[in-house]
Amino acid sequence: MRHFASAIHQLRETAKTNKKISILAEYFATANERDKIWALALLTGRRPKRPVKTSLLRLWAAEIAEIPNWLFEESYHITGDLAECMALLMPFDGESVSENLHHIMEELKELTQLSDELKSEYVKKYWQKMNRKERFVFNKLLTGGFRIGISQSLTLRSLEKATGIKRESLAHRITGNWEPHNTTFEDLIFSKDSNDDLSKPYPFYLAYPIENPATDLAEFNQWTAEFKWDGIRGQLIYRDKKLFVWSRGEELVTDQFPEFEKLIDRLPVSCVLDGEILPFKDGKTGTFNELQKRLGRKKVSKKMIEEYPVLFKAYDIFEYKQEDFRQEKLTKRRDVLHKIVESTDLKEVLQFSESLDIQTSDDFEILRNRARYEGAEGIMIKHKDSRYEQGRKRGNWWKFKAKPFSLDMILTYAMRGHGRRANLFTDYTFALLDKEGMPVTVAKAYSGLSDLEFKEVNSFIRKNAIDKFGPVRQVKAELVFEIAFENIRKSGRHKSGYALRFPRIARWRRDKPAVEADTLEALKQIHKKYFS
């Protein structure tokens, strides 16, 4: 446990990616075998069920810290992390523990079966024995949310450095339904898998944002356009009659989308397609919110597939008949891709992303507005002679986002921010007016204002708070802000019955009184027009 806690502490102390990779690589190279498999499980989301209710942990922590519960709750809000708050409030610092990570993880699994009294004895025993670094990690394990800012991609890069095995192969090896108690680090990582080479993906080419195509692009006939779809960027790999699906985040997600298995024996061997995984039902592209219901599931039920089916919208090709196709011109790649898609004749799971005609600068605005109706988030613009490159580069691939929706909303609730804004109220809840002219909550936002504006709003909140709900302050419904957003979905989280995707503050409407804010009916009309 001492070794693992030290590594986690070092990771939290640096913002440099290469440094984090070195820290994790050193851990995987030197930790004992049973600890390594548990560490890998924790870093890839395979953490056990929470063994103790957080409400009990908060009571026990306040008791150990000898402070009233209200003071603990205020401290928790300022800290923003329950595990860290409990670790910091302990009035002592133990020497250390001799138990290994795997020993503690196995104990925590058994802890779920014990009474609250025995759980309390167990937790307090370790709190008293551990130093602050160990106590923080222990608390993370207790709360069941082992989030420390380490992505799966970074974990794979660390493993690559520690083992010498390519990350693409490692990504394949750590997928599946393995658990720390039924495998070893040696078997999981070093056992050669015949699918390693077959499933190997290519690096993605990413478009560069463009603000004014009319001035930044020359000779419109040299460019082609297509919709920028709002889904998950992916690669569909078919080699040796085996199908693999990779996400842009370097995750093998084949098991999450079993409907693509229909393409086996229908695609040419071998080929690798570039495209977007999208929700698609009854001949219509769905929203990203619908797609989210399919993500992160170890097992996808038949009912889930029926309710939220997906397709692969293909717009480029990496490999064809075992040949690297990336150096071919875009026009040739797209011609071959179109023939492949048409030959499968499975439009419910594989479609070609059609080219859009652009002749003048006005065409961009027309297509940009049309994107909303098509379920897209903007336009992709590509030079017809472009090769398939790697990473995000200027010049040949551009993306032109659709204009965000926006409505003027009233500030109704506020919470303190985090980090350097922990002493300011910067997390806001916004409302629209219902038919009676009363504010109903719709969205939360915490970005878009300058530091000076945040301080002004904070001052208003402190002077005009009318009620308190724990860390939340209800304020007089007087300030109006223009809130930009990308999408709307029905939701029970807000009183309005709707929630917004990517809400952010576009500007402070100092010129507008609250009675002139937009209405809930206006939001419903946008939802009906574009998302229903």
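## Briefing: strands, cores and odd backbone spots

S270 sits in the loop between β5 and β6 (271-281), with strands and helices being DSSP runs numbered from the N terminus (E, at least two residues, for strands; H or I, at least four, for helices). The peptide bond leading into S270 from V269 is cis, with omega near -5 degrees. Keep in mind that this is a predicted model, where local features need pLDDT of at least 70, side-chain atom pairs count only at pLDDT 80 or more, and totals for chains, interfaces and linings use all residues. Residues are numbered from 1 along each chain as its sequence is written, and side-chain values use heavy atoms, with hydrogens and water left out.

**Unusual backbone**

- Most residues other than glycine have a negative phi, and most peptide bonds are trans.
- K241, in the loop between β4 and β5, goes the other way with a positive phi near 60 degrees.
- At 55% relative accessibility K241 is exposed (that label means over 50% relative accessible area, buried means under 20%, and partly exposed is in between, using a 1.4 Å probe and protein chains only).
- D345 is not a glycine either, yet its phi is positive at about 55 degrees.
- You'll find D345 in the loop between α17 (330-344) and β10 (350-352), and it is exposed at 58%.

**The four-stranded sheet**

- Four strands make an open sheet with mixed pairing, in the order β2-β13-β11-β3; two strands pair if DSSP finds at least two bridges between them.
- Why do β2 (208-209) and β3 (223-229) each have one side without a neighbour in the sheet? Both stand at the edges and have a single partner strand each, so one side is left free of sheet neighbours.
- β2 runs parallel to β13 (residues 397-401), and two bridges join them.
- P209 has K399 of β13 as its bridge partner.
- Helix α18 (residues 361-373) lies across β3, β11 (376-383) and β13, at about 140 degrees to β11. That angle is taken between N-to-C directions on a 0 to 180 degrees scale, with axes fitted to C-alpha atoms, for helices over the stretch in contact (heavy atoms within 4.5 Å).

**The β17-β18 hairpin**

- β17 (residues 465-469) and β18 (residues 472-475) run antiparallel, joined by four bridges, and F469 stands opposite V472.
- Two residues separate the strands, and G470 takes a positive phi near 65 degrees there.
- G470 is partly exposed at 42%.
- G470 and W70 are 400 residues apart in sequence, but their C-alpha atoms are 8.6 Å apart in space.

**Cores and cysteines**

- The largest nonpolar core has 80 residues, and L101, W127 and F138 have the most contacts inside it. Such a core is a set of buried Ala, Val, Leu, Ile, Met, Phe, Trp, Tyr and Cys residues joined through side-chain atoms within 4.5 Å.
- A second, separate core of 32 residues includes I461, Y498, L500 and W508.
- There are zero disulfides (a disulfide being a pair of cysteine sulfur atoms within 2.5 Å).
- C85 is buried at 1%, and C271 is buried at 0%.

**Two charged spots on β4 and β5**

- R239 is in β4 (residues 232-239) and is buried at 11%.
- The side chains of R239 and E319 share a polar contact of 2.8 Å. The term covers a pair of N or O atoms within 3.5 Å; within protein, one must be able to donate a hydrogen and the other to accept it, and residues adjacent in sequence count only if both atoms are side-chain atoms.
- K242 belongs to β5 (residues 242-247) and is partly exposed at 33%.
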